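Trainee: Could you take me through one part of this model closely, the annotated binding site, and then show me what surrounds it?

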Amino acid sequence: MNLAWQQARQGQGQTWTNPLVGVVIVKSGQILAQGYHHHFGNSHAEIDALSQLTNLDQAQGATMYVTLEPCSHTGKTPPCARKLVAVGLARVVIGQLDPNPLVAGKGLAILQAAGITTRVLDQSGGLNRAYNFFYLHKRPLITLKYAASLDGKINAAGNERTYFTGPETQNDSQKERAQQQAILVGERTLEVDDPQLTVRKLTTDFPPRRLVLVRDVDQISRQARLFQSAAPIWFLSRRPSQRSWSDNVQIFVDPQWNPLRISQFLAEQGIQSLFVEGGSQVQAHFMAAGLVDRIVLYLAPLLLGGSALPIAQGIAAPQALKYQLQTQQVLGDDLKLEYWRR
Ligand code: AOF
Ligand code: ZN
C-alpha cells in the first residue's frame, strides 16, 4: 500500500476535484504493474495499472492494492469494480472506502459478490484530505492563512502592504495556494495589496478559482493586477453588475454574503477546499462563524508594535475554539505552524 500511495502522489495537482489514487498489482510475490490517476477525466488508477500488463490474463488470480475503493458507477469512465471482476483478480486490498455517495461501499459490494477476497485498511496515507472532508461534511475544507509578528499583529497600520516574512515563507505560501481549489480575499485586500492571486511556477492545469468578496463589483478598478491573468475570477458581490466582463470572470450576487453562505455556495459548485488569505476582517468573520478547519500561521521574528492590527480584530469567536498542532517547520527566519480543528 505504501507503493500504491507513492503512485497516487504522482497525480498531485492534476486531478482537480477527483481523488489521487494509486494501484499496485502483485502475483506470487512479484509486482506485475503499477498505475495511478494521471489527470482529471482520464482513466482511473485501476485501469491505468491494468493497461501496463502485457496480457490481461496475467491479472488472473493476482492481488490488487488500491488506495481508494474501486468505483461502481459509470461517470467519465465505466465502473472499475466490474473490470476487476472481469479480469479475474483473486484479492483486492483497499486503502480507504470512497466517501463519494456515487460509490460509498457499492464498489466493495461488487467485488465481494463476485467472490473476490477483500480487505479495507481504513487508511488514507494522508492523501485526499479535502476530498474526504468535503464528502463527510458536505462543504469545503476551509484553511485560514496569515503571517503574524511576535506580538500577534498581522500588519502595520495604514494603507500599505506590509511584508515582514522572508522569501522561504513566500515560497511556501505559493505551494499552499497551489493545492487549493479556491482562494478568497476581501475587497480591502484587493485595494491595498493589489494581489494577482495566481500560482507562480504553475505545476497544475487547474489553478484555484480566485474569489473576491465585494460590496459592488462595478466599483472594482479594471487596472487591478488580478485581471492580468486568465485564471478564473469569481466575484461574490452584494450588488448585480451592469458592466461587461471578460470570459474568465464570473459574478455571483447575494445581498448577504457571509462565511456560511460562501461555504454553502462553494459546496454547490463542487469546490472541496478554500484558502482564506485575507484581510483580517474577512478572516475574523470566518473565525466567528466557526468555519476555520485548518490554520496556517507564519510567525515572523519581529515586534510590529504601535497601531498594527491584531489577528481577528474586533470580532470574537462565540466560544473558545480548540486546535491541534499538526506540523511545525522552520522557514528561514520564520516559523510555519499548521493547526487543525479538534
Ligand atoms: C478518479 N480516479 O483513479 C478513481 C476514482 O467522474 P469520474 O467518472 O472520473 O469518477 C470520479 C469518481 O470516481 C471519484 O469521485 C471517485 O468516487 C471514483 N474513483 N476517480 O478520478 C480514480 N479510482
Ligand atoms: Zn473507477
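Mentor: Happy to. Let's start with Cys80, which is buried because 28 other C-beta atoms lie within 10 Å; the label buried needs 20 or more such atoms around a residue's own C-beta, exposed means 12 or fewer, partly exposed is in between, and C-beta atoms are placed from the backbone. Before going on, note that this is a predicted model, in which local features need pLDDT of at least 70 and side-chain atom pairs count only at pLDDT 80 or more, while totals for chains, interfaces and linings use all residues. Residues are numbered from 1 along each chain as its sequence is written, and chains are lettered from A and ligands numbered from 1 in the order in which they are written.

Cys80 belongs to helix α3 (residues 80–86); helices (H or I, at least four residues) and strands (E, at least two) are DSSP runs numbered from the N terminus. Beyond its neighbours within four places in sequence, Cys80 is in contact with His44, Glu46, Ile47, Pro70 and Cys71, where contact means C-beta atoms, placed from the backbone, within 7 Å.

Two of those partners return in the record: an unreviewed UniProt entry puts the feature "binding site" at His44, Cys71 and Cys80. These three span 37 residues in sequence, yet no two of their C-alpha atoms are more than 8.9 Å apart, so they gather at one spot. UniProt positions follow the numbering used here, feature names are shortened, and annotations may be inferred rather than shown by experiment.

His44 sits in the loop between β2 (30–36) and α2 (45–50). His44 is buried too, with 27 other C-beta atoms within 10 Å. Setting aside residues up to four places away in sequence, His44 touches Val21, His37, Cys71, Thr77 and Cys80.

His44 also leads us to ligand 1: of the 16 residues around this ligand, Asn18, Val21, His37, His44 and Gly75 come nearest, a residue being near if its C-beta atom, placed from the backbone, lies within 6 Å. The shell has 8 nonpolar, 6 polar and 2 charged residues; Ala, Val, Leu, Ile, Met, Phe, Trp, Tyr, Cys and Pro count as nonpolar, Asp, Glu, Lys and Arg as charged, and the others, Gly among them, as polar.

Finally, β2 links this loop to the sheet, an open one of 5 strands in the order β2-β1-β3-β4-β5 with mixed pairing; strands pair if DSSP finds at least two bridges between them. β2 and β5 (117–120) stand at the edges with a single partner strand each, so one side of each is left without a neighbour in the sheet.

Key: Contact = placed C-beta atoms within 7 Å.
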